[in-house]
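I opened my notebook for a fresh look at this one, with a list of things to look up. Pull up a chair and follow along.

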Amino acid sequence: MTSMPSIAEIARGPWSTATWFGPEGEATLAGVPLVRIAQQFGTPAYVLDETDVRLRCRTYRTALPGAEIAYAAKAFLCRAMADWMRAEGLSLDVCSGGELAVALSAGFPAERIIFHGNAKTTHELQTAVTEGVGRIVIDNLAEISRLAALVPLGRRQKVLIRVIPDITAGAHAAVRTGREDQQFGLSIATGAAGDAVARVLAQPALQLAGLHCHLGSQITTALPYEAAARVMVEQMARIRETHGVVLPELDLGGGHGIPYLQGEQGLEVTGFAQRLTTAVEERCAGLGLPLPRLIVEPGRAISGPAGLTLYRVIAVKKGLDRTYVAVDGGMSDNPRHALYGSPYEARLIGRRSQGGMRDVTVVGHHCETGDTLAEGVPLPADVHPGDLIAVAATGAYHHSMASTYNLTGRPPVVAVGPSGPRLIVRREEPEDLMRRDVGL
Ligand code: LLP
């Protein structure tokens with residue numbers, strides 16, 4: 001591993017800690033020129049800084065020493081990533097049979113897996129039980145008896161119950177999951193959460209380990225987490241009053257924000273950890289409740305800033321009002337601007353630029369005007385076909401949300417670690433796409 005940057009350093013900017021930009025257009029990641037990565041692996045390509053990922057895991061473990069840190073695999077999972085998480089002592093939050101299968105195939109310990117989902121199929125539940133998944137998160141009432149029926153006689157499956165704390169937080173309506181009237185979790189207000197607790201406690205095949213909530217995504221202050229912690233501890237106290245049961249675990253989900261643009265601030269992990277711990281301790285003390293073991297589930301904050309995407313410029317076109325820079329990727333490798341209007345930072349790399357900067361719209365190669373990667377981003381005025389550009393903070397929710405729209409194969413993932421760059425997910429080729437197409 002390279003020497004560890006400080007927490008203040010890793011909280012800075014949207015580029016991974018080991019990214020360096022030189023005055024002549026040089027751009028390196030952990031000392032490896034990005035131009036060389038583009039030459040070796042082609043474009044578009046996702047590049048992931050392994051050291052940065054591991055460093056972020058350690059930051060969480062240091063900030064919350066008594067807590068369980070479960071990486072949210074939906075942000076980005078492949079076998080190498082599962083391996084790094086195992087090695088760093090993290091648990092894994094999975095939300096589908098696919099994520100579970102990848103984790104298990106990488107040898108990730110099943111007992112350190114937490115299985116989420118608002119619509120888990122019987123097959124998924126069965127696999128989770130059979131494989132010995134540590135905790136399954138109950139998300140609806142019917143799931144309780146469905147799950148219990150799958151547990152072999154003599155065994156008990158640990159579960160958490162996902163509760164709606166009714167707190168609005170998150171960067172976009174599509175990623176706010178902590179308030180009433182959305183499809184995740186069980187409502188305290190309607191009585192469903194209380195009902196779920198009673199039903200789980202009545203099932204000998206299930207063991208209620210604790211409560212869970214997830215507020216939403218891209219949250220940059222500790223405030224909503226403190227509020228959620230109080231609501232959740234109060235629920236735990238109510239459960240003790242009603243059922244005489246003290247629950248040992250409290251999972252407060254993920255959603256920790258990162259910067260996508262220079263000057264933006266992500267959630268500062270150490271401060272967040274202190275405030276969260278204090279909120280839980282104070283509320284527990286007030287209610288005379290023993291402290292539960294905390295669980296947090298960061299996804300984006302572990303893998304997001306460690307990633308960047310390399311694109312080749314294919315065309316530059318001047319419109320009436322804007323200049324369009326079209327690259328060889330697009331909404332198939334990054335749908336986030338199209339879905340949430342998310343902003344991005346892009347940089348020309350690999351050569352010195354002659355002119356000044358001008359704002360451009362970076363678009364992809366897909367057949368629709370919504371295929372925009374970044375709007376109003378400053379790039380050198382002389383940007384031209386053949387140039388390479390790098391887009392920051394694409395390590396989370398990019399590869400995992402990529403599609404094969406227009407039958408474009410998904411880009412590879414290249415990890416840059418202490419021993420240099422290596423391919424951890426290969427490029428999807430037309431042959432891969434045709435393998436699924438069984439024809440007439
Ligand atoms: N735990 C649960 C139960 C979740 O549903 C999620 C994310 C996380 C943890 C991790 O959240 P994170 O720390 O990564 O924000 N596609 C969207 C993000 C959707 C997140 C869904 N759930 C995006 O690209 O912004």
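**Entry 1: the second pocket.** I started with the second largest pocket, where helix 13 (residues 430-436) gives the most to the lining, with 3 residues. I should say at once that the model is predicted. I looked up the volume of this second largest pocket next and got about 300 Å³. Its lining reads H399, S400, A402, T404, R410, P411, V425, R426, E428, D432, L433 and R436. I sorted that lining of the second largest pocket by type and noted 4 nonpolar, 3 polar and 5 charged residues.

**Entry 2: the domains.** Before the largest pocket, I wanted the layout of the chain. The domain assignment gives domain 1 (7-48 + 304-436) and domain 2 (50-300). I took the C-alpha centres of domain 1 and domain 2 and found them 32 Å apart. The contact between them takes 32 residues from domain 1 and 27 residues from domain 2.

**Entry 3: the largest pocket.** Where does the largest pocket lie with respect to domain 1 and domain 2? I found that both domains give residues to its lining, so the largest pocket lies between them. The space in the largest pocket comes to about 690 Å³. I counted 34 lining residues there, and those closest to the centre of the pocket are K74, F184, H214, S217 and Y397. By type, the lining of the largest pocket splits into 11 nonpolar, 14 polar and 9 charged residues.

**Entry 4: A75.** I stopped at A75, which sits in the loop between strand 5 (68-72) and helix 4 (79-87). Is A75 buried or exposed? Its relative accessibility is 0%, so A75 counts as buried. I left aside neighbours within four places in sequence and listed the contacts of A75: G299, R300, S303, G395, A396, Y397 and S400. Two names on that list were already in my notes: Y397 is among the residues closest to the centre of the largest pocket, and S400 is in the lining of the second largest pocket. I also checked A75 against L289, which is 214 residues away along the chain, and their C-alpha atoms are separated by 34 Å.

**Entry 5: the cavity.** I searched for enclosed space and found 1 cavity of 30 Å³ or more. It holds about 60 Å³ of space. Lining this largest cavity are Y46, V47, L48, F76, G307, L308, T394, G395, H399 and V413. H399 is one of the residues that line the second largest pocket as well, and G395 is one of the contacts of A75. Which strands supply at least two residues each of the lining of the largest cavity? They are strand 4 (45-49) and strand 14 (307-318), and strand 4 gives the largest share, 3 residues. I tallied 6 nonpolar and 4 polar residues around the largest cavity, with no charged ones.

**Entry 6: the core.** I turned to the nonpolar packing. The largest nonpolar core has 125 residues, and M81, M85, L92 and I161 touch the most other members. Helix 9 (residues 223-243) gives this core its largest share, 8 residues. At least three residues of the core come from each of domain 1 and domain 2. I picked I161 for a closer look and, setting aside neighbours within four places in sequence, found contacts with I138, L186, A196, V197, V200, L208, G210, L211 and H212. A second, separate core has 6 residues, among them I114, L160, A209 and I295.

**Entry 7: the backbone.** Last, I went through the torsions. Most residues other than glycine have a negative phi, and most peptide bonds are trans. The bond from T43 to P44 is cis, with omega near -10 degrees. I placed P44 in the loop between helix 2 (34-41) and strand 4. A30 has a positive phi, near 50 degrees, and lies in the loop between strand 2 (27-29) and strand 3 (32-33). At 33% relative accessibility, A30 counts as partly exposed. D166 also has a positive phi, near 60 degrees, and I found it in the loop between strand 9 (157-164) and strand 10 (186-187). With 45% relative accessibility, D166 counts as partly exposed.

Notes. Residues numbered from 1 in each chain as written. Predicted model: local features only at pLDDT ≥ 70, side-chain atom pairs only at ≥ 80, totals over all residues. Heavy atoms only, no water. Core = buried A, V, L, I, M, F, W, Y, C linked by side-chain atoms within 4.5 Å. Buried < 20%, exposed > 50% of the residue type's maximum accessible area, 1.4 Å probe, protein only. Helix = DSSP H or I, 4+ residues; strand = E, 2+ residues; numbered from the N terminus. Domains from an automatic or database assignment. Contact = heavy atoms within 4.5 Å. 1 Å grid on protein atoms, 1.4 Å probe; cavity = no way out; pocket = protein on both sides within 12 Å on 5 of 7 lines; lining within 4 Å. Points joined across faces, edges and corners; volume = space filled by probe spheres on them. Nonpolar A, V, L, I, M, F, W, Y, C, P; charged D, E, K, R; others polar.
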